Amino acid sequence: MLTFFKTLFGLGPATNYKALLQQGAVIVDVRSKGEFRDGHIQGALNIPVDILRQNLNQLKNKNQVIITCCASGMRSASAKSILKANGYTEVYNGGGWSNLKSKL
């Protein structure tokens with residue numbers, strides 16, 4: 001059970017998000033359009049989690065590294081699950097966007 005929560009909230013081994021980005025990862029910010037407008041990571045793609053399933057065509061390469069982020073890590077965890085269930089192989093929950101930004 002503890003492993004499940006660590007995975008859900010990205011509390012496993014430290015992920016080097018900066019290196020992933022340098023290697024071509026895409027950041028998918030799953031907050032609402034309004035939240036995204038108020039601030040985001042430069043270059044991030046905004047696909048709100050509630051419409052993610054209908055917009056998977058924006059993420060054509062299922063083997064590309066994807067880092068999800070939101071405000072706190074909850075929606076990005078849901079987005080990671082959606083992506084993994086749809087065949088995306090390399091998906092990381094980056095958690096809250098401002099915290100992720102500080103790691104880049």
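Trainee: What does G87 do just after α4?

Mentor: Just after α4, G87 takes a positive phi of about 95°. Helices here are DSSP runs of H or I with at least four residues, strands are runs of E with at least two, and both are numbered from the N terminus. This is a predicted model, in which local features need pLDDT of at least 70 and side-chain atom pairs count only at pLDDT 80 or more, while totals for chains, interfaces and linings use all residues. Residues are numbered from 1 along each chain as its sequence is written, and side-chain values use heavy atoms, with hydrogens and water left out.

Trainee: How do you know that the span of α4 agrees with the expected one?

Mentor: The expected span of a helix is 1.5 Å times one less than its number of residues. For the twelve residues of α4 that gives 16 Å, and the end C-alpha atoms are 17 Å apart, so the two agree.

Trainee: Why is S76 called buried?

Mentor: Buried means under 20% relative accessible area, exposed means over 50%, and partly exposed is in between, with a 1.4 Å probe and protein chains only. S76 has 0% relative accessibility, so it counts as buried. S76 is found in helix α4, where A77, A79, I82 and L83 are buried too.

Trainee: Which residues is S76 in contact with, leaving aside its neighbours within four places in sequence?

Mentor: Contact means heavy atoms within 4.5 Å. On that basis S76 is in contact with V30, T68, C69, C70, N93 and G95, its neighbours within four places in sequence being left aside.

Trainee: What makes a set of residues a nonpolar core?

Mentor: The members must be buried Ala, Val, Leu, Ile, Met, Phe, Trp, Tyr or Cys residues joined through side-chain atoms within 4.5 Å. The largest such core has 15 residues, of which V28, V30, L52, L59, I66, L83 and Y88 touch the most other members. Two or more residues each come from β1 (26-29), β3 (66-70) and α4 (74-85). With three residues, α4 gives the most to this core. Apart from it lies another core of twelve residues, among them I27, I41, C69 and L100.

Trainee: What is I66 in contact with, beyond its neighbours within four places in sequence?

Mentor: I66 is in contact with V26, V28, L59, L83, Y88, E90, V91 and Y92, once those neighbours are left aside.

Trainee: How many helices and strands does the chain have?

Mentor: The chain has five helices and four strands, following the pattern α-α-β-α-β-β-α-β-α along the sequence. Of its 104 residues, 40% count as buried.
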